[in-house]
Amino acid sequence: MKRSVLLFILTAALAFATPASADQFLLGFTGFDYDSALFTSSHYLDVGDQYHSLGYVTSVDPGMLGGYVDFSVNEYTYYMFNLTVGTVAYWDGNFLEADMSNLTGRTRYYEDPVSGGTHGVYGTSPPNATAPSTFIDGTIALGGKTYNFIVTYDIGLGQGDFGGNMDLDEGTDLIYIPSSQLNGWILGGLSGSHSLAGPPNPSIPAGYDHQATGQCRRPNPTPTTHRTWGAIKALYR
């Protein structure tokens, strides 16, 4: 099967029917991901493994959260966890799709004061003495159920993407989210251990799998035109 066809299949696995205009942006984040292997395996994300991602919130929607978030005063972090691989598919020995939609995980965003708080430290080979502990010891600002989660990965290029849904249900900032907008957020982005067709990324700490960059958005409910998750991925290219 040709590479272009395989990439189309992987992208289609994360297709979301969303309108072409006015998605509601919640926040952006960047960090690193890693997996907890259930068994000794020769490949990334085997059945039963758990996917984790942690790092820093880098931006928020100025209208929805901007008045309550101050990056000069607080450090904002995130943690995705309890995402368990139910099935794994391979194409051509090089393209992986790990489906975690059979179970529900969680994603939380934390607020920790810069002065007197604990700075998030990745360390190596997580879980370790500082990760995830220094990323989750602040106040839970927002959190929610994470589901329909899928990771796709091109092993040859060292590039992939991740995506799913999130329903907000906890946190001190939950009161700032309209009740009609608590459910149906899209959570996803890009991950990679290599630059595109380049060498391994030296900035990834030992024991982490990939650098991850993503966003949390909610589609405009007006059923006009449609697009796929690939349109949101294009924001990072």
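## A walk through the strands

Start by selecting Asn165, which sits in strand S8. This is a predicted model, so keep the confidence colouring within reach for later. Asn165 is buried, at 12% relative accessibility. Show its side chain together with that of Asn148, and you'll find the two joined by a polar contact of 3.1 Å.

**Next stop: Asp167**

Stay on strand S8 and pick Asp167, then bring up Lys145. The two form a salt bridge, with the closest N and O atoms 4.0 Å apart. Because Asp167 belongs to strand S8 and Lys145 to strand S7, the pair ties together parts that are 22 residues apart in sequence. Is Asp167 buried or exposed? With 11% relative accessibility, Asp167 counts as buried. Lys145, on the other hand, is partly exposed, with a relative accessible area of 32%.

**Then Glu170 and its arginines**

Now add Arg106, Arg108, Asp169 and Glu170 to your selection: salt bridges that share partners join them into one network. Zoom in on Glu170, which is buried with a relative accessible area of 18%. One of its partners is Arg106, where the closest N and O atoms are 2.9 Å apart. Arg106 is in strand S6 (residues 105-113) and Glu170 in strand S8, so this salt bridge ties together parts that are 64 residues apart in sequence.

Swing over to Arg108. Its side chain also meets that of Glu170 in a salt bridge, at 2.6 Å from N to O. Here again distant parts of the chain are linked, with Glu170 in strand S8 and Arg108 in strand S6, 62 residues apart. Arg108 is partly exposed, at 22% relative accessibility. If you're keeping a tally for the model, the count comes to 4 salt bridges.

**A charged residue without a salt bridge**

Select Arg217, in strand S10. What is the nearest side chain of opposite charge? That would be Asp23, 4.8 Å away; Arg217 is buried yet has no salt bridge. The cut-off for a salt bridge is 4 Å between a side-chain nitrogen and a carboxyl oxygen. What you can draw instead is a polar contact of 2.5 Å between the side chains of Arg217 and Gln215.

**Into the nonpolar core**

Switch to the nonpolar side chains. The largest nonpolar core has 32 residues, and the members touching the most others are Leu26, Tyr51, Met100 and Tyr109. Strands that each supply at least two residues of this core include S1 (24-36), S2 (50-60), S3 (74-84), S7 (139-154) and S8 (159-170).

Centre the view on Leu26. Leaving aside neighbours within four places in sequence, its contacts include Val60, Met64, Leu65, Leu142, Leu168, Ile177, Trp185 and Cys216. Polar residues turn up in that list as well, among them Ser59 and Asp61. Apart from this core lies another, of 12 residues; select Leu54, Tyr79, Phe81 and Ile204 to see some of its members.

**Last stop: confidence**

Finally, colour by pLDDT. The chain's mean is 84, and 80% of its residues reach 70 or more. Which stretches should you look at here? Over residues 1-20 the pLDDT stays under 50, and the model has 49 contacts beyond four places in sequence for them. Residues 223-237 are likewise below 50, with 37 contacts in the model beyond near neighbours in sequence.

Methods: Residues are numbered from 1 along each chain as its sequence is written. Side-chain values use heavy atoms; hydrogens and water are left out. A nonpolar core is a set of buried Ala, Val, Leu, Ile, Met, Phe, Trp, Tyr and Cys residues joined through side-chain atoms within 4.5 Å. Buried means under 20% relative accessible area, exposed over 50%, partly exposed in between (1.4 Å probe, protein chains only). Helices (H or I, at least four residues) and strands (E, at least two) are DSSP runs, numbered from the N terminus. Contact means heavy atoms within 4.5 Å. Lys and Arg count as positive and Asp and Glu as negative; His and the chain ends are not counted. A polar contact is a pair of N or O atoms within 3.5 Å; within protein, one must be able to donate a hydrogen and the other to accept it, and residues adjacent in sequence count only if both atoms are side-chain atoms. pLDDT is the predictor's confidence in each residue, from 0 to 100.
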